[in-house]
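Work through the exercises below with the sequence and the model at hand. Try each task before reading its solution.

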Amino acid sequence: MRSSYLLIAIGAALLAAGCGDSKSSASSEVANAAPAPVVPAASAPVPPASSSAPDTTDPAIVVSGPIIVEHQLDLTAQRDGVIAKIFFDTPARVKAGALLAQMDDRQVSANLEAARSKSKSIEADLKNWQSETEVLKADYVRAQHLSDLGLISEEQLQHAKFKVDSDQWDVKRVAETLNTSHNEERSLELELEKTRITAPFDSLVARRYIHEGQSISKGDRLFWVTSEAPLLMRFTLSEKYYGHLKNGQVVNVTSPDVPREKHAGRVKQLSPVVDPSSGTFEVLVELVGDHGALRPGMNATIRIENPR
C-alpha cells in the first residue's frame with residue numbers, strides 16, 4: 001500500500017514539473033517572437049501650400065490697386081473768417097480759377113482802401129519834396145554865380161549846397177516810406193485774395209465741408225476737388241522685372257466694380273532706381289481711350305503680359 005502511495009506521489013510531482021516547463025517555454029516563445037510587421041497607411045497627397053508670391057511660371061503678372069488722378073486735394077482755409085456765400089456744390093464741374101465760395105471781406109477791404117489812400121498821400125508828399133529839391137538846386141546854382149562874382153561869402157555858398165543835400169535825403173526818406181506803404185497794400189491784397197476760395201485746376205467738386213454763415217479757422221477743410229482725367233495706377237514690382245518693362249508698353253486693365261468693361265493702359269513712367277529696403281521699383285500706368293464707368297478711387301487690376 002505504501003509503495004502504491006509513493007508511486008502516485010512521484011507521478012504527481014513529475015506531472016506538475018512537466019506542466020510548469022510547458023508554460024515557461026510557451027511564455028518564452030511568446031516573449032521572443034518577432035513583432036508582426038506594421039503595414040504603413042497610405043498617405044493622402046499633400047496639397048501645395050498657398051503663397052502670395054507670384055508664380056514665376058506664369059507668363060504674365062497681375063497687380064491690383066486704386067485708380068488715381070494727378071490732381072486731387074482738399075482746399076483749406078488760409079485765414080480765419082466767416083463764409084458769406086457758396087457758389088458751387090457737389091457734383092459741379094468748374095474751370096480753373098472759378099470762385100467756389102466767398103468769405104466776409106469787409107474788414108480787409110476797408111483796410112486795403114485805407115492803405116491805398118495812405119500811399120496816395122505819401123506819393124503827393126514825395127512829389128512836393130522833389131519839387132522843393134529842384135528849387136534848392138536852382139538856388140545853389142545862383143549862389144555859385146554870385147560867389148564867382150564875389151557878391152556872397154563862401155559860407156553862404158556852402159549853406160546853399162547843404163540845403164540841397166539835406167533835401168535830397170528827405171526825398172529818399174519819403175520814397176522809402178512810399179515803398180513801405182505799397183508793400184502794406186500788397187499784403188492786404190493777398191489777404192483779400194485769401195477770402196476768395198477758387199478752384200486751382202479744372203476739377204469736379206467731390207465734397208463740400210462748409211455752409212454759409214459758418215465761422216472757420218485757418219487750416220479748416222472747405223472743399224474736396226479732383227480732376228477726372230487722366231486716370232492713373234501706381235504700383236511696385238519686384239526688382240527681377242526691372243529692365244523687362246519699357247515706357248509705352250500696353251497693359252490690360254479691368255475692375256471688379258465694372259467686370260464687363262476692359263480697358264487698355266500704357267506704361268507712362270518707370271522709376272529709375274530700385275528701393276533697396278524692399279527690392280522693388282515703381283511703375284506708373286495711364287489709362288488710354290474711353291474710360292467708360294471707371295472713376296478715380298475705384299479698385300482695378302492690371303495684367304502685364306510677358307514681363308520677362
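The exercises that follow concern a predicted model and deal with salt bridges, burial and strand pairing.

**Exercise 1. Place E185 and decide: is E185 buried or exposed?**

Step 1. Find the element: E185 is part of helix α3, which covers residues 154-194.

Step 2. Apply the cut-off: a residue counts as buried under 20% relative accessible area. E185 has a value of 11%, so E185 is buried.

Step 3. List the contacts, leaving aside neighbours within four places in sequence: they are L112, A115, R116 and S119.

**Exercise 2. Find which residue forms a salt bridge with E189, and state where the two partners lie.**

Step 1. The partner is R116, and the closest N and O atoms are 3.2 Å apart.

Step 2. E189 belongs to helix α3 and R116 to helix α2 (residues 106-148); the pair, 73 residues apart, links distant parts of the chain.

Step 3. Check exposure. Partly exposed covers the range between under 20% and over 50%. E189, at 24% relative accessibility, is therefore partly exposed, and so is R116 at 29%.

**Exercise 3. Analyse the salt bridge between D165 and K161, then name the residues joined into one network by salt bridges that share partners.**

Step 1. The side chains of D165 and K161 meet with an N to O distance of 3.2 Å.

Step 2. Both residues are in helix α3, four residues apart, about one turn of the helix.

Step 3. D165 is partly exposed at 26% relative accessible area, and K161 is partly exposed at 30%.

Step 4. The network consists of E113, R116, E185, R186 and E189, joined by salt bridges with shared partners.

**Exercise 4. Why does the salt bridge between E228 and R93 tie together separate parts of the sequence?**

Step 1. The structure has 17 salt bridges. In the one between E228 and R93, the closest N and O atoms are 2.8 Å apart.

Step 2. E228 sits in the loop between β10 (221-226) and β11 (231-238), while R93 sits in strand β5 (residues 93-94), so the pair ties together parts 135 residues apart in sequence.

Step 3. E228 is partly exposed, with a relative accessible area of 30%, whereas R93 is exposed at 58%.

**Exercise 5. Give the strand order of the open sheet of four strands and identify its edge strands.**

Step 1. The order is β7-β6-β4-β9, and the pairing is antiparallel.

Step 2. The edge strands are β7 (196-198) and β9 (215-216), since each pairs on one side only.

Step 3. Two bridges connect β4 (residues 81-86) with β9 in the antiparallel sense. V82 has S215 in β9 as its bridge partner.

Technical notes: Residues are numbered from 1 along each chain as its sequence is written. This is a predicted model: local features need pLDDT of at least 70, side-chain atom pairs count only at pLDDT 80 or more; totals for chains, interfaces and linings use all residues. Side-chain values use heavy atoms; hydrogens and water are left out. Buried means under 20% relative accessible area, exposed over 50%, partly exposed in between (1.4 Å probe, protein chains only). Contact means heavy atoms within 4.5 Å. Two strands pair if DSSP finds at least two bridges between them. A salt bridge is a side-chain nitrogen of Lys or Arg within 4 Å of a carboxyl oxygen of Asp or Glu.
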